[in-house]
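Trainee: I'd like to learn how to read a model like this one. Can we go through it together?

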Amino acid sequence: MSLGFVEEPGEILDRLRALRAADAPTHGGRVLSYVYDPGDDALDDLAAAAIREMQPVNGLDPTTFTSVAALEREVVGFVRGLLHGDDDVVGSVTTGGTESCLLAVKTARDVWRAGHPDAGRPRLIAPTTVHAAFQKAAHYLDLTLDPVPVDRDGRVSPDAIAARLGDDVALVVVSAPSYPVAALDPVEEVAAACADRGVALHVDACIGGLVLPFWRRPDGAGLPDWDFAVPGVSSVSADLHKFGYAPKGVSVLLQRGRDRQRAQYFATTRWPGYPVVNPTVLGSKSAGPLAAAWAIIHALGADGFAELADSCRRSTETLRATVDGIEGLRVLGEPTGPLLAVATDETVPVDRRVDPHHWADAVRGSGWVLQLQPGLTQDDGVRLPPTTHLTITPVTERGLSELVPALEAGADAVRGEAPFDPAPLLGTLPLLDAPLDSATAAVILAGLGLGGGAGLPDRQAPLLALIEAVPVPVAERLLIELLARLVEPSI
Ligand SMILES: *Cc1c(COP(=O)(O)O)cnc(C)c1O
């Protein structure tokens with residue numbers, strides 16, 4: 001039997017390609033966040049073929065589709081080996097970093113609850129630089145997030161974490177490295193404090209997990225231990241869809257101890273349907289990204305990952321030197337891994353300073369997409385400055401001869417320009433403290449030239465400045481409205 005299509009497949013795909021053409025480019029290194037391009041067409045083709053092979057499979061049930069379990073065993077085994085896990089470390093493949101983080105928190109919460117049957121809401125302790133996925137996890141799973149302020153360079157003091165430990169702490173999270181500032185948190189010191197108090201420790205290596213095992217400092221020195229080589233580490237998350245170079249939708253969560261890991265599972269026989277037993281959030285799901293990650297691991301091997309990490313390291317050093325050489329900008333803190341946060345150098349006179357957000361907008365004008373990050377005033381009053389983020393991937397190396405001058409020219413174009421002042425715009429807004437309904441939020445957005453047909457502005461510096469200037473709940477509500485209206489059917 002064949003179905004009569006109401007539209008021709010060729011035309012449908014042409015429309016899809018036209019839509020894709022308007023996307024930020026996913027290949028070639030022009031976008032320095034979100035995408036992780038190994039710069040190898042054969043690897044892309046292999047991943048696509050693996051996905052195609054698994055297209056009809058339901059990843060929900062590894063007993064019916066036994067290939068899913070076979071692939072997962074190998075992928076988990078590969079990552080466990082890289083992260084110094086022994087036979088006591090077990091794991092699962094998830095759909096991404098956020099799911100791995102959610103499940104690490106869910107496991108810790110349930111283990112903690114079992115040991116504290118009469119206690120209330122547990123706490124989750126993490127530096128303020130921890131990924132927002134842990135705010136989401138605390139929100140979804142009913143834990144109180146207790147953010148530990150970091151210093152102006154994004155470093156957390158292990159003593160500050162230790163001082164907050166208590167019986168109500170279900171989990172401490174540190175990063176290897178953190179996304180916003182690329183800080184490799186002091187895993188050994190924090191793990192020792194956690195082990196003393198019997199508190200679980202998660203290391204979020206979503207971005208570093210497949211690259212830090214091959215990383216060296218510029219002077220050739222290795223990194224301090226940060227993975228399962230450290231005894232007090234209970235779990236580690238590592239994304240294969242970042243520096244594992246797999247298509248989006250695949251990450252690994254490893255846990256030390258089978259009994260602990262079983263708390264990650266959900267099982268029920270209490271309904272009239274099939275028994276539901278799984279370690280992850282989704283039910284039916286694609287096994288495509290898993291198969292692609294598995295194929296890439298087999299194609300590259302550890303040596304291939306090491307070679308790609310070396311390329312990232314060389315480019316990161318070049319870009320660091322580039323930023324160090326640009327008057328008015330500086331690299332924040334001591335980044336570890338292929339990512340950098342760039343801030344204003346406040347040691348130079350005001351008229352020589354470069355605002356990192358104006359810089360990102362200027363660099364975008366020459367075709368390179370950097371990611372703007374807002375400043376953050378922490379609970380202790382210490383302020384992390386606004387920064388611009390760069391994630392460096394293997395393909396970056398090929399474009400360095402164009403990227404470096406673009407970064408320099410962008411800075412020259414905006415040097416001395418004051419950070420965007422949102423005050424005049426704010427004055428035009430209606431009172432912003434009431435809970436906003438959808439219609440009011442849309443009117444405010446329109447007043448700011450956002451949303452509707454306008455989409456997002458070319459320059460993002462004003463948007464970031466506004467986000468920082470309005471009360472947090474209002475900013476969050478406006479962003480919800482902006483994103484929600486983006487996907488409302490227009491006919
Ligand atoms: C990317 C990232 C996450 C979240 O991962 P997603 O795959 O985007 O859901 C969590 N932690 C860190 C450090 C990350 O870089």
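Mentor: Sure. The chain splits into domain 1 (49-296) and domain 2 (423-486), with bounds from an automatic or database domain assignment. The model is predicted, so local features need pLDDT of at least 70, side-chain atom pairs count only at pLDDT 80 or more, and totals for chains, interfaces and linings use all residues. Residues are numbered from 1 along each chain as its sequence is written, and side-chain values use heavy atoms, with hydrogens and water left out.

Trainee: What separates the centres of domain 1 and domain 2?

Mentor: 34 Å, taken over C-alpha atoms.

Trainee: Which residues of helix 7 are buried?

Mentor: General idea: an α-helix has 3.6 residues a turn, so residues three or four places apart point the same way. In helix 7 (residues 187-197), the buried ones (under 20% relative accessible area, 1.4 Å probe, protein chains only) are V187, V190, A191, A193 and C194. Down the axis they fall within an arc of 165°, so they line one face of helix 7; the arc uses directions from the helix axis to the C-beta atoms. Helices here are DSSP runs (H or I, at least four residues), strands likewise (E, at least two), numbered from the N terminus.

Trainee: What covers the buried residues of helix 7?

Mentor: The cover, by contact (heavy atoms within 4.5 Å), includes helix 6 (158-164), strand 4 (169-175) and strand 5 (201-204). Just past helix 7, G198 has a positive phi of about 70°.

Terms used. Buried < 20%, exposed > 50% of the residue type's maximum accessible area, 1.4 Å probe, protein only.
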